[in-house]
Structure formats: C-alpha cells, structure tokens
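Open the model in your viewer and keep the selection tool at hand. This tour goes stop by stop and says what to pick at each one.

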Amino acid sequence: QVQLVESGGGLVQAGGSLRLSCVVHGNTSLIKAIGWYRQRPGNEREPVATTDAGGRTNFDNSVKGRFTVSRDNAKNTVYLQMNSLKPEDTAVYYCNGQGSIPARSGPMFLEVWGQGTQVTVSP
C-alpha cells in the first residue's frame, strides 16, 4: 500500500554536502511521520532525525547543527540536507514512515522502511 524510495546518496569529501530524498508512493495518507535513520559499518541502525508526537523533528546530537529536514507535500517528498559531512557520517541512510491503517477493531500501526541509500564521506 505504501512504499518509500530514497535517493541522493553518493561519495563526498569531508566538509561537503548531500541532500537525500524520500518519496512516499501509494496511499500516502496512511503515513503521518517520516524519520531518517542510518546504519554505519559494524553498527546497528540508529536514528538521525525523528518526528515526535508534537510534530517536532529531533536530531541526534552527532548531527545537530549540520543536518536539516524539509518536506515538499506536493511531491510527497521529505529531504535530509546534510552539511559539513564527516567521515563518521558514512552509512546507509534509510527513511522510515509511520502511521496507521484503519481497521474494524481500531487503527493498526503501520511502519514502512525505504531500501536505503549509501553515503560515503572520504577524509
């Protein structure tokens, strides 16, 4: 019913910038919040930018002041702007969509992951 497709990853030198895109396809009305996560080599997936119940975006301390999130509702797209990139930002970046599906017994939690996009930052 819903798919998330990321793009925009690549290879960049330290100090450079990249903008990742996450496009929501399908029944977009089911998704209420989009967050960004990453999985660094040898590590578990971790949150980068998540949206709380009040609609505020919370950034991990490691990216505060360098990463921002924006959205274009007309394009069903959420962006992760990454500036002043560091080698330790190297990871596969995923967008995560959360929402609910109406059901007779009550709304069912919905969570969808994108396929991921590789970001590599060279020293």
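Select strand 7 and strand 8 in this predicted model. They form a hairpin with four residues between the strands. Stop at asparagine 76, which takes a positive phi near 50 degrees in this hairpin. Strand 7 covers residues 67-72, and strand 8 covers residues 77-82. The two run antiparallel, joined by six bridges. To see one pairing, pick serine 70 and its bridge partner in strand 8, tyrosine 79.

Keep strand 8 selected. Is strand 8 mostly covered, or mostly open? It is mostly covered, with five of its six residues buried. Now add strand 3, residues 18-26. Strand 3 pairs with strand 8 in the antiparallel sense, over six bridges. Valine 23 has threonine 77 of strand 8 as its bridge partner.

Next, select phenylalanine 67. Which residues does it touch, beyond its neighbours within four places in sequence? Its contacts there are Arg38, Val48, Phe59, Leu80, Gln81, Met82, Asn83, Leu85, Asp89 and Tyr93.

Phe67 also leads into the largest nonpolar core, which has 26 residues. Show Val2, Leu4, Ile34, Trp36, Phe67, Met82 and Tyr93: these touch the most other members of the core. Among the strands that each supply at least two residues of this core are strand 1 (2-7), strand 8 and strand 11 (117-122). Strand 3 gives the largest share, four residues. In soluble globular proteins, nonpolar side chains tend to be buried together.

Ile34 takes you on to the largest pocket. Its volume is about 150 Å³. Of its 13 lining residues, Ile34, Thr51, Thr57, Val69 and Arg71 are the closest to the centre. Which strand gives the most to the lining? Select strand 4, residues 31-39: it gives the most, with four residues. Strand 5 (45-51) and strand 7 each supply at least two residues as well. Colour the lining by type, and it divides into six nonpolar, five polar and two charged residues.

For the last stop, select strand 9 (residues 91-101) and strand 10 (residues 108-113). They run antiparallel and are joined by six bridges. Asparagine 96 stands opposite tryptophan 113 in strand 10. This pair of strands is also a hairpin, with six residues between them. End at glycine 106 in the turn, where the positive phi is about 125 degrees.

Note on methods:
Residues numbered from 1 in each chain as written. Predicted model: local features only at pLDDT ≥ 70, side-chain atom pairs only at ≥ 80, totals over all residues. Heavy atoms only, no water. 1 Å grid on protein atoms, 1.4 Å probe; cavity = no way out; pocket = protein on both sides within 12 Å on 5 of 7 lines; lining within 4 Å. Points joined across faces, edges and corners; volume = space filled by probe spheres on them. Nonpolar A, V, L, I, M, F, W, Y, C, P; charged D, E, K, R; others polar. Pairing = 2+ DSSP bridges. Buried < 20%, exposed > 50% of the residue type's maximum accessible area, 1.4 Å probe, protein only. Core = buried A, V, L, I, M, F, W, Y, C linked by side-chain atoms within 4.5 Å. Contact = heavy atoms within 4.5 Å.
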